[in-house]
Amino acid sequence: MKPAHYVNGAFTVAGTPFPLCSPVDGQEIGTVPEASRETVDEAVNAARAAFQGAWGQTGTEERCAYLRRIADGIEARFEEFVAAEVADTGKPRELAATVDIPRAIGNFRAYADLAYGLSGRAYPTTVPAWSGSGQALSYTVRRPVGVVAIIAPWNLPLLLLTWKVAPALAAGNAVVAKPSEETPSTAALLAEVIDAVDLPPGAFNLVHGHGANAAGEHLTAHPGVDAIAFTGASATGSAIMRNAAAHVTPLSFELGGKNPALVFADADLERAVEGTLLSSFTHSGQICLCTERVYVQRPIFGAFVDALAERARQLDGYGPMISAEHRDKVLSYYRLAVEEGATVLAGGGVPVFGDARDGGYYVEPTVITGLPQTARTVREEIFGPICHVAPFDEEDEAIRLANDSPYGLAATVWTNDLSRAHRVAPRIDAGIVWVNCWNLRDLRTPFGGVKASGIGREGGEHSLDFFSEPVNVCVKI
Ligand code: NAD
């Protein structure tokens, strides 16, 4: 694989190449060009020219038609996209084929619909005597922000990139996107699809490379960028924020999490166990929405934890950590948990397969108990297949434990008591609360976090709000 940059409607592999390795066996599967500061400059300048030129002249209907053609273009190359996502991430094919790529297609279709259906507001305004009396009409129109930088992580590479690219283009912005250095391939395929639908040159640009002191930082610190939409780690968000401060560049941040699940004694135990298995171990815990803290009401604590550990031990067919570095980080938390006094009920180590996967970056699905709320393992985002299960007695205590975190992205509540569900959900510090389910997403709904988990909301009109500026026009009648 040799992903290329896409700048001003042309593909280029300018820049020093770096290796791309398969997380499944550690073998090199391709090289990626590192975008230099000059390449980032060219991309930002091309985006500016497009915004001021042909792309800036397009109407909503035309832009929505482009989005639909992009969706069709991904769909037509579905298997290629799935294969590229699987090769870069090592995730099970089923996950890429049922979640990542369909959602990327869905993102373009959803934003074609949403942008087309969007309208401004109008207010009949009474004109005061000092201004001549009578009536005026105040109405709002949306203007695109301009050139937007989009930075995506490696866990859901195309899904999260397109979750921003689609609304940014729908709102009329010109885009410079940078995927994660670990997972450039589906973004490169997206550029090919966008090229094939003849989007005006410069409307969408793609640069590859690393983050700090590299392409990512060059892009987000660039004075020619009018807004930054970023998904990634909270620490990276802070670094981007410091750079963005120089130009007061608006930011949309989707950051880390340490998501709680609350399991009440009145829950359907089987459903709660299955649901927690899914929420803690899907994509080997490498989804920002994954559960890492489980609080279980004491009467069912023993039965829950035994069943969860048993299922976790039986899991197979799971994927690896994204990189050796990330595997080492996750394993360092497995060791830390034991040092902090945890009881390991399932996993805790590295699986042995007896095949090529032993050269890859796998860790075992892990269930631990016995740590205090103050333990680092319970407070810090690990981003791997591990959850800590702790008991609670009262509803208020469960809410207090859930909220005792620097993060506030998502939470899951398992209960059969309808009143409790409605009572508890809004009291949790999180942008998203799922009741008796996990990761069900309606793309029209807000998505984002509170506290260190982010700034702003994506989804539905929220993304279009970020990627456009309302202008109030007041006409005296
Ligand atoms: P990361 O922050 O290391 O990298 C994300 C992206 O930022 C990459 O493209 C990287 O190259 C770039 N980057 C890194 N440093 C940069 C800098 N100084 N300036 C500009 N760009 C820079 O995150 P990751 O390891 O790729 O992803 C995992 C993290 O992302 C986890 O913390 C996870 O919770 C979070 N995440 C959040 C959401 C959400 O929606 N809230 C979704 C997925 C992942």
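Let's start with strands β6 and β22. Nine bridges, to give the count in words, join β6, residues 135-144, to β22, and the two run antiparallel. For one register point, take A136: it stands opposite K476 in β22. Keep in mind that this is a predicted model.

Now the sheet around that pair. It is an open sheet of 3 strands, in the order β5-β6-β22, with antiparallel pairing. The edges are β5, residues 122-126, and β22, residues 468-476, and each of these pairs on one side only. From one strand to the next, the twist averages 30 degrees.

On to the second sheet. This one is open as well, with 7 strands. Read the order as β14-β15-β16-β13-β12-β18-β19, and note that the pairing is mixed. Which strands stand at the edges? They are β14, 343-346, and β19, 432-435. Each has a single partner strand, so one side of each is left without a neighbour in the sheet. The twist here averages 25 degrees from one strand to the next.

Inside that sheet, look at β12 and β13. Strand β12 covers residues 259-263 and strand β13 covers 291-297. They pair in the parallel sense, over 5 bridges. V263 has V296 as its bridge partner in β13.

Staying with this sheet, pick out T369. T369 sits in strand β15, residues 366-369. Its relative accessible area is 11%, and T369 is buried. Leaving out residues up to four places away in sequence, T369 touches F301, V305, A342, T343, L345, H388 and V389.

Next, strand β10, residues 227-231. Buried or exposed? Of its 5 residues, 5 are buried, so β10 is largely enclosed by the rest of the structure. In general, side chains in a regular strand alternate between the two faces of the sheet. In β10, A227, A229 and T231 point one way, while I228 and F230 point the other way. All of them are buried.

What pairs with β10? On one count, strand β7, residues 147-151: 4 bridges join β7 to β10, and they run parallel. V148 has A227 as its bridge partner in β10. Then there is strand β11, residues 251-254, which pairs with β10 in the parallel sense over 4 bridges. Here F230 stands opposite F253 in β11. Between β10 and β11 the chain crosses through helix α8, residues 234-245. This β-α-β crossover is right-handed.

F253 comes up again with G454. G454 lies in strand β21, residues 454-455. Its relative accessibility is 11%, and the cut-off for buried is under 20%, so G454 counts as buried. Beyond four places in sequence, G454 touches F253, L255 and G449. For a long-range distance, take G454 and N173: they are 281 residues apart in sequence and 22 Å apart in space, C-alpha to C-alpha.

Now a residue with a longer contact list to read out. L20 is found in strand β3, residues 17-21. At 3% relative accessibility, L20 counts as buried. Its C-alpha is 5.3 Å from that of T31, and the two are 11 residues apart along the chain. T31 is also among the residues that L20 touches, not counting those up to four places away in sequence. Others include Q27, E28, I29, G30 and V32. Further along the chain, L20 touches D88, E181, E182, P184 and S185.

Last topic: the nonpolar cores. In soluble globular proteins, nonpolar side chains tend to be buried together. Here the largest nonpolar core has 94 residues. Which of them touch the most other members? F204 and L289 do. Helix α4, residues 93-117, supplies the largest share of this core, with 11 residues. Where does the core lie? Domain 1, which is 5-255 + 453-476, and domain 2, which is 259-442, both give residues to this core, so it lies between them.

Zoom in on L289. Setting aside neighbours within four places in sequence, L289 is in contact with N259, L409, A410, I432, W434, W438, N439 and F447. Apart from this core lies another, of 30 residues. Among its members are Y295, Y333, Y361 and V424.

Technical notes. Residues numbered from 1 in each chain as written. Predicted model: local features only at pLDDT ≥ 70, side-chain atom pairs only at ≥ 80, totals over all residues. Heavy atoms only, no water. Core = buried A, V, L, I, M, F, W, Y, C linked by side-chain atoms within 4.5 Å. Buried < 20%, exposed > 50% of the residue type's maximum accessible area, 1.4 Å probe, protein only. Domains from an automatic or database assignment. Contact = heavy atoms within 4.5 Å. Pairing = 2+ DSSP bridges. Right-handed = clockwise from strand over helix to strand, strands pointing away. Axes fitted to C-alpha atoms, helices over the stretch in contact; angles between N-to-C directions.
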